[in-house]
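Me: I have a model open and would like a close look at a single part of it. Please start there and then work outwards through the packing.

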Amino acid sequence: MIYNEIFSLISTLKSSFKKMQIYAGIGSSVHTLREIRVSYQRSLAALVYAANNGQEIARFEEMGFFRILHSVNDKNLLMAYHDEYLKNIEEYDEIHDTNYLETLHQYLLCNGSIQHVASNMFCHRNTITYRMRVIEDHWDLKLDDTVERFHLMTAFFIRDYLNL
């Protein structure tokens with residue numbers, strides 16, 4: 001019901017302010033007045049999530065793993081985790097004008113399918129195969145290890161969450 005009301009309000013605002021981007025975040029339901037603060041904080045997180053993902057409305061409950069990241073109060077901890085897994089590749093890409101970080105990200109998103117990565121990145125599959133070999137060798141990554149892939153994907157989620 002709240003979602004429909006907010007959607008209606010956004011539609012009305014968009015008709016009045018045609019050039020503005022309008023986003024809304026919906027927090028958690030609460031049962032006591034003491035919980036309002038938490039719901040408000042979660043609605044702000046949902047608002048940021050909506051804006052970052054180009055959604056008009058986002059519900060905190062639908063943010064998936066980002067709910068957990070939002071609950072981490074120490075942003076320096078998140079940054080350190082990101083840096084541990086991705087910083088070296090980012091720096092290498094900047095210095096050498098390469099695209100290894102995005103290739104790795106696509107590889108993880110495509111569950112290791114070279115063909116899907118090649119399609120998503122508009123590259124030949126041999127190019128992706130070469131890049132993946134370099135990534136594994138140069139940064140000593142074991143991409144067939146589920147735990148290692150989890151850590152890397154978590155670092156990518158943190159990157160998205162912190163807008164790095």
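Take Ala 58: is this residue buried or exposed, and what is its relative accessible area?

Reply: Ala 58 is buried, with a relative accessible area of 1%. The cut-off for buried is under 20%, so Ala 58 counts as buried at 1%. Bear in mind that this is a predicted model.

Start with the position. Ala 58 sits in strand S2, which covers residues 57-59. Next, the surroundings. Leaving aside neighbours within four places in sequence, Ala 58 is in contact with Ala 24, Gly 25 and Ile 26. Ala 46, Tyr 49 and Ala 50 are also in contact with Ala 58. Asn 88 gives a sense of distance. Asn 88 is 30 residues from Ala 58 in sequence, and their C-alpha atoms are 33 Å apart in space.

Now the cores. The largest nonpolar core has 23 residues. Within this core, the residues with the most contacts are Leu 104, Met 132 and Leu 141. Five elements each give two or more residues to this core: H4, H5, H6 (114-121), H7 (125-138) and H8 (146-162). H5 supplies the largest share, 5 residues. Apart from this core lies another one, of 12 residues. Ala 58 belongs to that other core, and Ala 45, Tyr 49 and Leu 69 are also among its members.

Tyr 49 leads on to the aromatic residues. Tyr 49 forms one aromatic cluster with Phe 65, Phe 66, Phe 157 and Tyr 161.

Move on to Leu 104 in the largest core. Not counting residues up to four places away in sequence, Leu 104 touches Ile 89, Met 132 and Ile 135. Leu 104 also touches Leu 141, Leu 143, Leu 152 and Phe 156. Two helix contacts of H5 also include Leu 104, one with H4 and one with H7.

Take H4 and H5. H4 spans residues 75-96 and H5 spans residues 100-109. These helices pack at an angle of about 135°, and their axes are 8 Å apart. That angle makes H4 oblique to H5. On the H4 side, the contact is made by Leu 86, Ile 89, Glu 90, Tyr 92 and Asp 93. On the H5 side, Tyr 100, Leu 101 and Leu 104 take part. The residues of this contact of H4 with H5 divide into 6 nonpolar, no polar and 2 charged.

Then H5 and H7. Their axes come within 10 Å and cross at roughly 100°. That makes H5 roughly perpendicular to H7. From H5, Tyr 100, Thr 103, Leu 104 and Tyr 107 meet residues of H7. The H7 partners are Ile 128, Tyr 130, Arg 131, Met 132, Val 134 and Ile 135. In the contact of H5 with H7, 8 residues are nonpolar, 1 is polar and 1 is charged.

Tyr 92 and Tyr 100 bring in Trp 139. The model has 8 aromatic pairs. One of them joins Tyr 92 and Trp 139, edge-to-face, at 5.2 Å centre to centre with 90° between the planes. That pair links distant parts of the chain. Tyr 92 is in helix H4, Trp 139 is in the loop between H7 and H8, and 47 residues separate them. Tyr 92 counts as partly exposed at 22% relative accessibility. Trp 139 counts as buried at 16%. Tyr 100 and Trp 139 form an edge-to-face pair as well, at 5.9 Å centre to centre with 65° between the planes. Here too, distant parts of the chain are linked: Tyr 100 in helix H5 and Trp 139 in the loop between H7 and H8, 39 residues apart. Both Tyr 100 and Trp 139 are buried.

Stay with that loop. Asp 140 is found in the loop between H7 and H8. Asp 140 has a positive phi of about 50° although this residue is not a glycine. At 55% relative accessibility, Asp 140 counts as exposed. Phe 122 is found in the loop between H6 and H7. Phe 122 has a positive phi of about 55° and is not a glycine either. Phe 122 is exposed, with a relative accessible area of 77%.

One more loop to inspect. Val 72 lies between helix H3 (66-71) and H4. At 21% relative accessibility, Val 72 counts as partly exposed. Leaving out residues up to four places away in sequence, Val 72 touches Leu 77 and Leu 78.

Methods:
Residues numbered from 1 in each chain as written. Predicted model: local features only at pLDDT ≥ 70, side-chain atom pairs only at ≥ 80, totals over all residues. Heavy atoms only, no water. Axes fitted to C-alpha atoms, helices over the stretch in contact; angles between N-to-C directions. Helix = DSSP H or I, 4+ residues; strand = E, 2+ residues; numbered from the N terminus. Parallel < 35°, antiparallel > 145°, perpendicular 65-115°, else oblique. Contact = heavy atoms within 4.5 Å. Nonpolar A, V, L, I, M, F, W, Y, C, P; charged D, E, K, R; others polar. Core = buried A, V, L, I, M, F, W, Y, C linked by side-chain atoms within 4.5 Å. Buried < 20%, exposed > 50% of the residue type's maximum accessible area, 1.4 Å probe, protein only. Phe/Tyr/Trp six-rings, centres within 6.5 Å; stacked < 30°, edge-to-face > 60°.
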